[in-house]
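Dear colleague,

I am passing on the structure we spoke about, with some notes to read beside it. Please keep the sequence and the coordinates open as you go through them.

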Amino acid sequence: MIRKGCTPSRPGQEGFVGGSMGDDSVILEGVAGPEAEASLFSTVHGAGRVMSRTQAAGRIRRRKRWACRNRDCDRIFDANTACPDHPDAGVKKVWVEEQLKPGLVDWPAVQTRLRKQGIVLVGGGADEAPEVYKRLPDVLAAHAGSVRVTHTLRPLGVAMAGRDVHDPYKD
């Protein structure tokens, strides 16, 4: 028996615990002792969040709008009306994101920082930035009596669904 959402860690049993997209992950193993028994021979599955997705990324609203079909025109309209610059081009429905409330994370700065660290980033967003998570070494230090880190893994790349991609596994 282990706790829901945790990594099994019986004495000698190996497990993986991921860090954030910019931090190390670890392979660990359970160790015998009263702390391991008290935790039902299980440990964390990640560092844990320090802010919600909305706090990090802000609040957006996706709405259908009308856009000019001319590929050189970027005009958006609230109603199905002809573009004054290209009346013969017609219009099409498009999804438009409107920022209702800004987030606390500067996503372009995070992308730059990760690139400077040599981490290739595909997708992702401010709601998954390293600063929205606790530091994994600090979390693991609190569990030192029940697990031992055997390997540390440095991230080389991160591939995630972007903000514009529906991800049914996001909470």
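The notes below take up the sheet, then the nonpolar cores with one helix, and then the cysteines.

Please bear in mind that this is a predicted model, in which local features need pLDDT of at least 70 and side-chain atom pairs count only at pLDDT 80 or more, while totals for chains, interfaces and linings use all residues. Residues are numbered from 1 along each chain as its sequence is written, and side-chain values use heavy atoms, with hydrogens and water left out.

The sheet

An open sheet is formed by 3 strands in the order 2-3-9, with antiparallel pairing; strands, like helices, are DSSP runs numbered from the N terminus (E, at least two residues, for a strand; H or I, at least four, for a helix), and two strands pair if DSSP finds at least two bridges between them. Strand 2 and strand 9 (147-153) are the edge strands, each pairing on one side only. Neighbouring strands of this sheet are turned by 30° against each other on average, direction ignored, where the axes are lines fitted to C-alpha atoms (for helices over the stretch in contact) and angles run from 0 to 180 degrees between N-to-C directions.

Strand 2 (residues 14-17) and strand 3 (residues 25-30) are antiparallel to each other over 4 bridges. Across this pairing, Glu14 is opposite Glu29, Gly15 is opposite Leu28, and Val17 is opposite Val26. The side chains of strand 2 alternate, so to speak, in their surroundings as well as their direction: Gly15 and Val17 point to one face and are buried, whereas Glu14 and Phe16 point to the other and are not; buried means under 20% relative accessible area, exposed over 50%, and partly exposed in between (1.4 Å probe, protein chains only). On its other pairing, strand 3 is joined to strand 9 by 6 bridges, again antiparallel, and Ile27 has His151 of strand 9 as its bridge partner. Strand 3 is mostly covered, with 5 of its 6 residues buried.

The cores and helix 3

The largest nonpolar core (buried Ala, Val, Leu, Ile, Met, Phe, Trp, Tyr and Cys residues joined through side-chain atoms within 4.5 Å) has 14 residues, and those with the most contacts inside it are Val105, Trp107, Val110 and Val132. Helix 2 (53-57) and helix 3 (107-116) each supply at least two residues of this core, and the largest share, 3 residues, comes from helix 3. A second, separate core of 9 residues includes Leu28, Val44, Leu136 and Val147.

In helix 3, the residues Trp107, Val110 and Leu114 are buried. They lie on the same side of helix 3 because they cover an arc of only 55° around the axis, the arc being that of the directions from the helix axis to the C-beta atoms. The buried residues of this helix pack against strand 8 (120-122), while the face turned away from the buried side carries the exposed residues Pro108, Arg115 and Lys116. Just after helix 3, Gly118 takes a positive phi of about 85°.

The cysteines

With a disulfide taken as a pair of cysteine sulfur atoms within 2.5 Å, the count comes to 0 disulfides. The closest cysteine sulfur to that of Cys73 is in Cys68, at 3.9 Å, which is too far for a bond, and Cys73 counts as buried at 13% relative accessibility. For Cys83 the closest cysteine sulfur is also in Cys68, at 3.8 Å, again too far for a bond, and Cys83 counts as buried at 1% relative accessibility.

With best wishes

Methods. Contact = heavy atoms within 4.5 Å.
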